[in-house]
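Hi everyone, thanks for having me. I'd like to walk you through one protein model today, so please have the picture ready. Here it comes.

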Amino acid sequence: MNRVPGDTENAHSSSVESCPSLRDVHSINPAQLMARIESYEGREKKGISDVRRTFCLFVTFDLLFITLLWIIELNVKGGIETTLEKEVLQYDYSSSYFDIFLLAVFRFKVLILAYAMCRLRHWWAIAFTTAVTSAFLLAKVIISQLFSQGAFGYVLPIISFILAWIETWFLDFKVLPQEAEEENRFLIAQDASERAALLHPGVLSDGQFYSPPESVAGSDEESEEKQDSEKPVV
């Protein structure tokens, strides 16, 4: 006989423990969930996230900035046409900056193709471009004679190296984590909306509506007219 109060207390405690979860589920606002899901779906329809677009703009800036520095270097050496013919047509690995420009073009094509057109969600593409850039620049600095050609012998290799690693940091620590977090939020919101729809089956959607019921006064008048018509004529 003493077991009944104990069982009652256990059942009561289990019901109390389950109350917070039920409160959390019932506290979900279906309208807010649907608005959040629609916002995530709108981002998916855009095709590319804002942080990924910023990364692609920075990759474009990398190419344009290296190109600008290379054009300035051509002018400093005695004219674009003469120096361009010397660095491109008479290419020399130890004294030409044309390969650093081609390295920027290589980074731009690979990264835009991988992360803008193919929308890749992995770091292998930028790891490849950064590794190639770092190895090439280190070999060029060691073997070539760029340091004997003035300030540009230091500026172009250093800036190209720094920009490549900034792109790697931005993608690995900003783009990929933020997109993964937004995707997880979308899945959680979608799951919560499905649970809310099961717990609140009577909640109307935007397309549903009720037709107004007929008024009581109108029904009374119709019944009186029907009774008058059914009375026998004397």
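Let's begin with one serine. Leaving aside neighbours within four places in sequence, S134 is in contact with F161 and W165. You will find S134 in helix α6, which covers residues 124-143. Is S134 buried or exposed? Its relative accessible area is 10%, and the cut-off for buried is under 20%, so S134 counts as buried.

Before I go further, please keep in mind that this is a predicted model.

Now let's zoom out to the whole chain. How many helices and how many strands does the chain have? There are eight helices and zero strands. If you read along the sequence, the pattern is simply α-α-α-α-α-α-α-α. The chain has 234 residues, and 28% of them are buried. Here is another number for the whole chain. Take the contacts between residues at least 6 apart in sequence: 76% of these join residues at least 24 apart.

Next, let's look at a few helices in turn. Helix α3 runs over residues 50-76, which makes 27 residues. From its first C-alpha to its last, α3 reaches 39 Å, close to the 39 Å expected at 1.5 Å a residue. After α3 comes G78, with a positive phi near 125°.

Helix α5 covers residues 98-117. How far apart are the end C-alpha atoms of α5? They are 27 Å apart, and that agrees with the 28 Å that its 20 residues should span at 1.5 Å a residue. Several residues of α5 are buried, among them F98, F101, A104, V105 and I112.

A little background for the newer people here: an α-helix has 3.6 residues a turn, so residues three or four places apart point the same way. Keep that in mind while you look at the next pair.

That pair is α5 and α6. Their axes come within 9 Å and cross at roughly 175°. Which way do the two helices run relative to each other? An angle over 145 degrees counts as roughly antiparallel, and therefore α5 and α6 are roughly antiparallel to each other. On the α5 side, the residues making the contact include I100, L103, F106, V110 and L111. On the α6 side, they include W124, F128, V132, F136 and K140. Sorted by class, this contact has 14 nonpolar, two polar and three charged residues.

Let's stay with F128 for a moment. F128 belongs to helix α6, and at a relative accessible area of 45% it is partly exposed. Its C-alpha atom is separated by 9.4 Å from that of R107, and the two residues are 21 apart along the chain.

What joins these two helices? Between α5 and α6 there is a loop, and R119 is found in it. What is the phi of R119? It is near 50°, a positive value in a residue other than glycine. R119 counts as partly exposed, at 48% relative accessibility.

Now we move to the loop between α4, residues 80-89, and α5. S96 lies in this loop, and at 1% relative accessibility S96 counts as buried. Which residues does S96 touch, leaving aside its neighbours within four places in sequence? They are E87, Y91, K140 and L146. You have met K140 already: it is one of the α6 residues in the contact with α5.

D92 is found in the loop between α4 and α5 too. At 35% relative accessibility, D92 counts as partly exposed. D92 and S144 are 52 residues apart in sequence, and their C-alpha atoms are 9.2 Å apart in space. Another pair to find on your screen is I143 and Y93: they are 50 residues apart along the chain, with 8.7 Å between their C-alpha atoms. I143 sits in helix α6 and is exposed, with a relative accessible area of 59%.

Last, a word on the cysteines. C56 is buried at 10% relative accessibility, whereas C118 is exposed, with a relative accessible area of 54%. How many disulfides are there in this model? With sulfur atoms within 2.5 Å as the rule, the count comes to zero.

To close, the picture to take home is a predicted model with eight helices and zero strands, in which α5 and α6 are roughly antiparallel. Thanks for listening!

Notes: Residues numbered from 1 in each chain as written. Predicted model: local features only at pLDDT ≥ 70, side-chain atom pairs only at ≥ 80, totals over all residues. Heavy atoms only, no water. Helix = DSSP H or I, 4+ residues; strand = E, 2+ residues; numbered from the N terminus. Buried < 20%, exposed > 50% of the residue type's maximum accessible area, 1.4 Å probe, protein only. Contact = heavy atoms within 4.5 Å. Expected span 1.5 Å × (residues − 1). Axes fitted to C-alpha atoms, helices over the stretch in contact; angles between N-to-C directions. Parallel < 35°, antiparallel > 145°, perpendicular 65-115°, else oblique. Nonpolar A, V, L, I, M, F, W, Y, C, P; charged D, E, K, R; others polar.
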